[in-house]
Amino acid sequence: MKQLFTYTTALLLVLALVATEASAQQFSKRKQYNSVGVSLNAMNYFGDITPKPSIPSFRAGATRPNLGLTFTRRFAPRISGRAALSYGRITGDDAKAADQNDPDAKFRYNRNMNFRNDILELSATGVFDLIENRNNYIRRPDFVPYVFAGVGVIHHNPKGLDANGNYVALQPLRTEGQSEAYSQTQFVIPFGAGARYKLNKQFDIGLELGFRKTFTDYLDDVSGNYAPLTALQSDAAKYFGHYITGGNTTGYPGTYDESFQTGEMRGKSNEKDWYTTLGISVNYILAPRVRSPKFR
């Protein structure tokens with residue numbers, strides 16, 4: 001995944017640098033235009049609470065919806081700038097993702113963690129079309145594949161389901177005995193690819209796959225090692241940070257139990273969490289004003 005991110009970003013930069021100067025000289029302001037759009041996406045995450053402890057692993061049953069709004073400005077035959085606001089949910093559940101009969105996965109099944117996290121994202125990306133349009137919006141190509149990359153900021157709030165069936169905010173609990181709670185506001189790097197199809201003069205429909213590289217390992221509230229009970233400051237923190245783990249008493253021999261889980265691995269802190277969106281969009285082109293020349 002890291003290589004995919006690196007190669008995609010490098011490709012975007014090279015293509016943009018090569019095309020920008022020539023495109024800008026041949027694309028008049030009269031051909032530039034704006035568009036607004038809405039998107040409906042499937043949202044998934046890669047992290048500690050997935051079928052396998054690796055970035056490409058995810059559980060289809062954990063897919064949740066994501067809704068987005070976009071504003072796009074066409075600057076050049078191949079280049080646009082896009083601002084986007086989206087809201088969606090990611091989820092994970094050890095009891096559903098991990099196999100208790102797998103020698104490796106049974107530790108995560110025994111961990112018994114679960115979470116859901118509602119994510120609000122604001123992003124700005126550059127879009128590079130693989131098919132150029134040197135005409136105005138009316139004569140744009142019928143089908144255009146593209147790639148994109150940029151920067152974004154998210155606000156997230158992971159919650160866990162307690163023994164009474166209630167969702168509890170996990171960040172304030174410091175479930176791994178942290179001296180300070182992790183930030184709920186984080187930077188992300190969105191990148192991906194898509195394609196759009198011209199429906200008529202002013203409407204496009206699109207399909208897009210987007211990745212989000214984050215700089216936090218706490219989208220699921222799981223990152224480091226089990227903390228000692230004395231480091232957990234509330235009953236809720238002790239439940240999610242310690243007692244929620246199944247232990248040998250529930251029939252998973254060879255895994256952690258309450259007598260020796262302190263200090264043992266709870267999550268993989270060397271890998272940050274990711275999330276993805278895959279969905280369809282509808283974009284409406286705002287027809288630019290055409291100013292008539294003045295005659296004297």
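## Overall architecture

Strands, like the helices, are taken here as DSSP runs numbered from the N terminus, a strand having at least two residues, and in that sense Asn117 has its place in strand β4. The structure is a predicted model, and its secondary structure comes to four helices and nine strands. Followed along the sequence, these elements give the pattern α-β-β-β-α-α-β-β-β-β-β-α-β.

The protein has 296 residues, of which 46% are buried. Among contacts with a separation of 6 or more, 75% are between residues 24 or more positions apart.

## The nonpolar cores

The largest nonpolar core holds 21 residues, and the members that touch the most others are Tyr45, Ile49, Ile90, Ile119, Ile154, Leu219 and Tyr275. Two or more residues of this core come from each of β1 (33–46), β4 (114–129) and α4 (235–243). A second core, separate from this one, has six residues, including Ile55, Phe191, Phe211 and Trp274. As a general background, nonpolar side chains in soluble globular proteins tend to be buried together.

Ile119 illustrates how the largest core is connected: apart from neighbours within four places in sequence, Ile119 is in contact with Met43, Ser86, Tyr87, Gly88, Ile90, Ile154, His155, His156, Leu219 and Tyr275.

## Two buried polar residues

Asn117, in strand β4, counts as buried because its relative accessibility is 0%, the cut-off being under 20%. Once neighbours within four places are set aside, the residues in contact with Asn117 are Gly88, Arg89, Ile90, His156, Asn157, Pro158 and Leu219. For one of these partners, Gly88, the separation along the chain is 29 residues, while the C-alpha atoms of Asn117 and Gly88 are separated by 8.4 Å.

Thr216 is found in the loop between β8 and α4, and with 5% relative accessibility Thr216 also counts as buried. Not counting residues up to four places away in sequence, Thr216 touches Gln186, Lys272 and Asp273.

## Aromatic pairs and charges over rings

Eight aromatic pairs are found in a search of the whole structure. One aromatic pair, formed by Tyr182 and Tyr218, is stacked, with 4.4 Å from centre to centre and 5 degrees between the planes. Tyr182 lies in the loop between β6 (167–169) and β7 (185–198), and Tyr218 lies in the loop between β8 (203–214) and α4, so the pair ties together parts that are 36 residues apart in sequence. Both Tyr182 and Tyr218 are buried. Elsewhere, Phe191, Phe211 and Trp274 form one aromatic cluster, and these three residues are also included in the second core.

Charged side chains also meet aromatic rings in this model: the charged end of Arg82 sits over the ring of Phe148, 4.9 Å from its centre, and Arg116 lies over the face of Tyr167, at 3.9 Å from the ring centre.

## Internal cavities

The whole structure contains four cavities of 30 Å³ or more, and the largest cavity encloses about 570 Å³ of space. Its lining is made up of 38 residues, among which Thr70, Arg82, Tyr146, Glu208 and Asn283 are the closest to the centre. Arg82, then, is one of the lining residues closest to the centre of the largest cavity, and its charged end sits over the ring of Phe148.

The elements that each supply at least two residues of this lining are β1, β2 (64–74), β3 (79–93), β4, β5 (143–161), β7, β8 and β9 (274–286). Strands β1 and β4 therefore appear in two roles, as contributors to the lining of the largest cavity and as contributors to the largest nonpolar core, under the strand assignment used here.

Note on methods. Residues are numbered from 1 along each chain as its sequence is written. This is a predicted model: local features need pLDDT of at least 70, side-chain atom pairs count only at pLDDT 80 or more; totals for chains, interfaces and linings use all residues. Side-chain values use heavy atoms; hydrogens and water are left out. A nonpolar core is a set of buried Ala, Val, Leu, Ile, Met, Phe, Trp, Tyr and Cys residues joined through side-chain atoms within 4.5 Å. Buried means under 20% relative accessible area, exposed over 50%, partly exposed in between (1.4 Å probe, protein chains only). Contact means heavy atoms within 4.5 Å. Rings of Phe, Tyr and Trp (its six-membered ring) pair if their centres lie within 6.5 Å; planes under 30 degrees apart count as stacked, over 60 as edge-to-face and the rest as tilted. A charge sits over a ring if NZ of Lys or CZ of Arg is within 6 Å of the ring centre and within 35 degrees of the ring normal. On a 1 Å grid over the protein atoms alone, a cavity is a set of points where a 1.4 Å probe fits but cannot get out, and a pocket is an open set with protein on both sides within 12 Å along at least five of seven lines; lining residues have an atom within 4 Å of a point. Grid points are joined across faces, edges and corners, and a volume is the space filled by probe spheres set on the points.
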